[in-house]
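User: I'd like to learn how to read strand pairing and packing in a model. Can you take me through a case?
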Amino acid sequence: MRIATVIGRVTLSVRHSSLRGERLLVVLPWGPTTAQTGEGHEYSIVAYDSLGAGVGQTIGICESAEATRPFEKPTPIDAFCAALIDTVFYQATDPHTA
């Protein structure tokens with residue numbers, strides 16, 4: 001699972017029958033320095049959302065084969081919104097070595 005920020009929604013006029021009733025989000029996955037600087041996001045991707053995430057929200061996403069696990073039948077998705085994240089705590093230094 002990776003952390004990502006929602007930056008938009010995808011609107012489709014026609015979609016695969018297994019995707020009815022849910023939303024597709026445009027998200028920016030966090031890179032190695034995003035927690036420290038708020039910058040350094042990776043390329044945007046589209047994620048399937050059944051939890052109701054909104055623009056600007058921080059979410060947890062699963063990608064690749066893991067993204068299709070919640071579905072009973074094969075579903076054509078590459079990323080899935082698995083969690084809505086309220087807060088992220090990040091400590092830049094190891095408290096055990098300080």
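Analyst: Start with strand pairing, bearing in mind that this model is predicted. β1 and β4 pair in the antiparallel sense, over four bridges. One bridge joins R2 to I61 in β4.

User: In which sense do β4 and β5 pair, and over how many bridges?

Analyst: β4 and β5 pair in the antiparallel sense, over six bridges. For T58, the bridge partner in β5 is I85.

User: How many of the six residues of β4 are buried?

Analyst: Buried means under 20% relative accessible area. Five of the six residues of β4 meet that, so β4 is largely enclosed by the rest of the structure.

User: Which residues make up the largest nonpolar core?

Analyst: There are ten: A4, V6, L25, V27, A47, A53, I59, I61, A79 and C81. β1, β2, β4 and β5 each give two or more residues to this core. Another core, of five residues, lies apart from it; Y48, A67, I77 and F80 are among them.

User: What does A53 touch, leaving out residues up to four places away in sequence?

Analyst: A53 touches V6, R23, L25, I59, C81 and L84.

User: Now D49. Is D49 buried or exposed?

Analyst: D49 lies in strand β3, residues 45-49. D49 is buried, with a relative accessible area of 2%. Leaving out residues up to four places away in sequence, D49 touches E22, R23, L25 and C81.

User: Which backbone nitrogen does the side chain of D49 reach at 3.0 Å?

Analyst: That of A53. The backbone nitrogen of G52 also lies 3.2 Å from a polar atom of the D49 side chain.

Notes. Residues are numbered from 1 along each chain as its sequence is written. This is a predicted model: local features need pLDDT of at least 70, side-chain atom pairs count only at pLDDT 80 or more; totals for chains, interfaces and linings use all residues. Side-chain values use heavy atoms; hydrogens and water are left out. Buried means under 20% relative accessible area, exposed over 50%, partly exposed in between (1.4 Å probe, protein chains only). A polar contact is a pair of N or O atoms within 3.5 Å; within protein, one must be able to donate a hydrogen and the other to accept it, and residues adjacent in sequence count only if both atoms are side-chain atoms. Contact means heavy atoms within 4.5 Å. A nonpolar core is a set of buried Ala, Val, Leu, Ile, Met, Phe, Trp, Tyr and Cys residues joined through side-chain atoms within 4.5 Å. Two strands pair if DSSP finds at least two bridges between them.
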